[in-house]
Amino acid sequence: EVASLFRAEASEKGVRLRHTYAMATPRHLVGDPHRLRQVVTNLLGNAVKFTDEGCILLSVVTATVPGMESRLQIKVTDTGVGIRPERIESIFNPYEQAGAGTAQRFGGTGLGLSICRHLIELMKGSIHVESVPGRGSVFTIDLPLIPASVSAIRNAAKIVAVEDVVHVGEGLRVLVADDNRVNQAVCKRLLEKLGAAVDVAVNGREALSACLARRYDLVLMDCMMPEMDGYEATRLLRQAEGGAGVRVIALTADATSEARQRCFEAGMDGFLVKPLRMEALKELLANGMVLQAA
């Protein structure tokens, strides 16, 4: 599912993106699918961003660790720019990137890997990286997920079978502001499934212009964008005539309480964590408030 989100973007760069799931690995396990998806999305997104040629592989196997139970092992392997040896130890620290020129060339804040490590450790797992500058990197996740029982699998199947997508967004006009085309497409598709009409902006400046030109019921605002970020766009929108009543919901991979506070200080009304989930959007449109936990 995550691999399919990035396949078009990788193809445009001439990079092959493959995924494998070992035959002996269980298909149904007990764990937190949303947080695991968030981590894998971040790792695979980085691989696509930092790889200009060659291939990217997302693989899943069951790994047996001496003295421990069997663990699910997820690897993201790329042939990208790699990480210098002196940066390996600190790459998972907040605001740390692979090199001094990384932010200028590729963008980003360096928070993603720190959040990934935090989420994986909360799930009692571990994450580490091996890399050779100029040849690529391998990020490995080890998680102690146990196979689901037969009854649990059947119950989950029944829930999925009876679930219907209520058009809680019928008649709403929504603006999605995000510089990442994959994120744009995902948000647009989910919102349209819920009945909303959707426009897209690629940075904060475009989002601000769009909001001043027409009336939107909701704006999903990525926090980190080129030219003008989501914080500044929201502040200017709140200052502008007619911008006070527009609901602005932050979209960010940073789930910390500090990030939430910064969003609210900028004038945003709520907070959604990437990758966006259908359940969170339905709750947002149905209740008018964002209740998603970090």
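Thirteen is the count of salt bridges to keep in mind here: the structure, a predicted model, holds 13 salt bridges. Three of these pairs, together with one helix packing, are described below.

The side chains of Lys13 and Asp52 meet in a salt bridge, with an N to O distance of 3.3 Å. This pair links distant parts of the chain, the two residues being 39 residues apart. Lys13 lies in the loop between helix 1 (2-12) and strand 1 (16-21), while Asp52 lies in the loop between helix 2 (33-50) and strand 2 (55-64). Asp52 has a relative accessibility of 42% and therefore counts as partly exposed. Lys13, at 29% relative accessibility, likewise counts as partly exposed.

A second salt bridge joins the side chains of Arg173 and Asp199, again at 3.3 Å from N to O. Here too the pair links distant parts of the chain: Arg173 belongs to strand 6 (residues 173-177) and Asp199 to strand 7 (residues 197-201), 26 residues apart. Arg173 counts as partly exposed because its relative accessibility is 23%, and the lower limit for that class is 20%. The pair also has a further partner, since Arg173, Asp199 and Arg214 are linked in a network of salt bridges.

The third pair lies within one helix. Arg235 forms a salt bridge with Glu232, and their closest N and O atoms are 3.3 Å apart. Both residues sit in helix 9 (residues 230-239), where they are 3 residues apart and so separated by about one helical turn. Arg235 is partly exposed, its relative accessible area being 34%. Glu232 is also partly exposed, with a value of 31%.

The remaining topic is the packing of two helices. Helix 2 packs with helix 5 (residues 112-122) at an angle of about 150°, and the axes are 10 Å apart. Helix 2 is therefore roughly antiparallel to helix 5, as angles over 145 degrees are placed in that class. The crossing of the two helices is left-handed. On the side of helix 2, the contact is made by Arg35, Gln38, Val39, Asn42, Leu43 and Asn46. Helix 5 contributes Gly112, Leu113, Ile115, Cys116, Leu119 and Ile120. By character, the residues of this contact divide into 7 nonpolar, 4 polar and 1 charged.

Notes:
Residues numbered from 1 in each chain as written. Predicted model: local features only at pLDDT ≥ 70, side-chain atom pairs only at ≥ 80, totals over all residues. Heavy atoms only, no water. Salt bridge = Lys/Arg side-chain N within 4 Å of Asp/Glu carboxyl O. Helix = DSSP H or I, 4+ residues; strand = E, 2+ residues; numbered from the N terminus. Buried < 20%, exposed > 50% of the residue type's maximum accessible area, 1.4 Å probe, protein only. Axes fitted to C-alpha atoms, helices over the stretch in contact; angles between N-to-C directions. Parallel < 35°, antiparallel > 145°, perpendicular 65-115°, else oblique. Left-handed = near helix turned anticlockwise from the far one by under 90°. Contact = heavy atoms within 4.5 Å. Nonpolar A, V, L, I, M, F, W, Y, C, P; charged D, E, K, R; others polar.
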